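The following paragraphs lead the reader through a structure, beginning with an interface and ending with a single side chain.

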Amino acid sequence: MIFIIGVLVVIITGYTFLFLFNVKSSSLPLNFALAWFVGAGYFSFVNSIFYFGLGINTGIITSITIVAIPIMIFGIVWAKYKTDNKYVPPVASKKTNRFKIYERILIGIIILTLIIIVCHGASTPSNGDDSFRIRAYTPFLVYDNITDENAKSLIFQNGVWPTFLPLLFWHLNGQPEQFYLNYLNLTTLIAFITILYFAPLVSGNEKQGLYNAFAILSIPLFIYHGTSTYMDIVLIMVFALGYLFFSMYLKSNEMIDIKLAILFFILTFLIKDKGGIAGITGIFMIIAYWLYGKYKRSEKSWKTIATFAVPLALFLVFLVLYSLNIDTLAQKVNVSKSIFLKNPKVPSEFIAALQYKAYGLFHSLFLSGNFGILFYVFMANVFLYARRIFLTKLIWEFILTSIIFIQIFMYMVVIYVRVDMHQAIVHRVVMMLAVICSLFLVSLWTYKPVEDG
Amino acid sequence: MRYLFLLIIIQWHCPYSSFATTINVPITKKIFYTNTQNKVKNRQIEFEIDKRAKIYVDLKHISEINIDYISGGFFRVSHLTAYRNKIKPDAHLLMGKSIEKGKGRLTFNYRQNFNWSIAGTPVIYIEGTGNFSIINMSVETIADEGQAIKESNSALFWRPEIIRLSTINFLTPIYWDYNKKIHWTSSLGMLYFASLLILYLYSKIYNVDIKRYVPYISILFLFIFSSQFIIRFIPAVNWKLYVPSNEKIRRYYLRPEFGQLTASAREITGEAETIAIAVENGDWFSPEAFCFNMLPIKCLFYQKDKDTLSGLGENVVAKRSDIDLIAYYNFDGGIPENFKKIFSLNKNVFIARKK
């Protein structure tokens, strides 16, 4: 019950921002799901500033203050809004045709999968050691106001969202409750699937929503991760939503879509140490698209090309430096057991290790079964729809997907030191690619060429 | 086309198409050889399990064993196949079931072991401490090696997903034909490519737009893979949506003894007390999981020779003298003199408090 109250508080807080910045949609479930992400991101970010920036200890007063301020502002603005405007209830989305048989089957399997994830995830204690040591442990450190170097290092690895969000629920509960960590991931998953389904539906693309939800929930490793307290899945979900809204913006040119894409890419920064690089990649794509549009419209001068090329160059330099120096970066915050050790120095050993790791990536994508046959489907569809991809705005989604693939290749094959193919944290990393490839596929299938300018 | 494909799957990997013969086996001491104490009484055999035991069933051509048992403890029971009494248990792929105290029935499908053949010796691997009695046993046997391979392929294809510590990194690999090492993903992927090729040829001959059908075919193939996974995953799912936190820990940890110990420690330990966990050498998982479950209570990893002990995340450090309780989980050393047992699940799993 306390947990549900906490969820409502987060949703109300998030809804405040949606209202104030006018990014609401006409669908109530979609607004609630968006509000969950916004509220959760806001609470964790502000709490981390209180904690690290202002040195204010976490506690029930801090938590309540953080959520109360926007809710109070919302109350005032809403009262004024109500008197100034006649309230217009949200327009219900257009009634769609009855579902066809195959669509009913897909809905059936989506519901069954969600029931499995929720039941298993809510009832099963975490069995992953990484989860104890970092993911689920750091909120306890902050709850106890421990700020030593080791704690800072763990928070850096975990990110502020996974670290600070549970505090609100624990403070409402009066004491820490470890299973709230399970429930938080499950709530995020339900909000994620809701957005995947309703966001395209509201834009009039009925099939895209259904296919999105099905394609993501057909990834076997994603299903298992949904039941865990690992934060990889939260990072993936937030980034994937940025990707989805960017994709929708390319088709609709609606400002609300681009606002939401930017919002979700920014939220990505708050999760895990790798969230930063994912978020920057997404934001870079938005900037690149905007500059390209400017160039295409009129200003075809060298100056414009340079404006386009400079951020690209800076982005690539950043990627290289980040990739090469993540070990140093991690050591700076005292990551005692850094996995980013140097690769073997002898060239032949280096190449052999590289080949072996490249095979590991191939195995992960095409043989392991962790992602089903998604990458076979992806390859075939890119080949079949090559014309559609390269001659329409889908190219931007494809470029973003390709950059993520290159980053994963760099991380797994070139930088990552471990060469044991099957043990591989790699599968977790590749899951990000699997999820956005699913979204790309659905975007490809449901693309309406008439909208392309 | 799609129905034909489903028919092929059902025909090829039908889990009920076994040619095995079922035989009731009288319980005698000769059938079993093991590294643990045992005695036969009233046509039952009772094993005294001390932490873990391998029970070899000295029968050949066995594909499945069904046992009725009486358990005196909380055990994790797995089945393995040995050759010349040597076992190479791949911990990542071990099939395991948790059992509680009392009577029950277990089925061990040896065909689900990756190294199974009719020449192998079936082994029952039990982890836990206490008495375990087998009161009835029946086996399924297969004479023909070709049939055994076929049944093994089928059993491995439908092998239930077992949650392991490493499941977070990778799921159980599934093969369309394990004997020929053909992965399920690659065979289904190739079939997907073939269907697209057929569709392409069809579109060329009859001048239809292929792209109209590609999404449907793609979704169909994703659906086939996903459904097979869901069928394999369902046996591992804990279906109860609401269970009190301590009950979740007690019932749903991979090793039931560990769950029992941890849940009891949570009930016994006071908020201001310090607890330590003592485990056997090489057990890295239990101390971390235990101390995580004890949070926010101060919890340390017990070590015999060290005076200063640390806990989870290296943030918790304390002196040995600060410890109020010690939880023992298969630890090899004894209890310090100034401690006495206050809770005991069995001789290897208990909690002691400072006198």
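How many residue pairs does the rule find in polar contact across the interface of chain A and chain B? The rule finds 17 such pairs, both residues at pLDDT 80 or more; a polar contact is a pair of N or O atoms within 3.5 Å, where within protein one must be able to donate a hydrogen and the other to accept it, and residues adjacent in sequence count only if both atoms are side-chain atoms. This is a predicted model, in which local features need pLDDT of at least 70 and side-chain atom pairs count only at pLDDT 80 or more, whereas totals for chains, interfaces and linings use all residues. Residues are numbered from 1 along each chain as its sequence is written, chains are lettered from A and ligands numbered from 1 in the order in which they are written, and side-chain values use heavy atoms, with hydrogens and water left out.

At this interface, 73 residues of chain A are in contact (heavy atoms within 4.5 Å) with 61 residues of chain B. The buried area is about 6,000 Å², and carbon and sulfur atoms give 69% of it; buried area is the accessible area (1.4 Å probe) that two parts lose on being put together, summed over both.

Within chain B, Thr269(B) is found in the loop between helix 6 (256-268) and strand 14 (274-279); helices (H or I, at least four residues) and strands (E, at least two) are DSSP runs, numbered from the N terminus. Thr269(B) counts as buried because its relative accessible area is 8%, the limit being under 20% (1.4 Å probe, protein chains only). The side chain of Thr269(B) reaches the backbone oxygen of Ala265(B) at 2.6 Å.

Note on methods: Buried means under 20% relative accessible area, exposed over 50%, partly exposed in between (1.4 Å probe, protein chains only).
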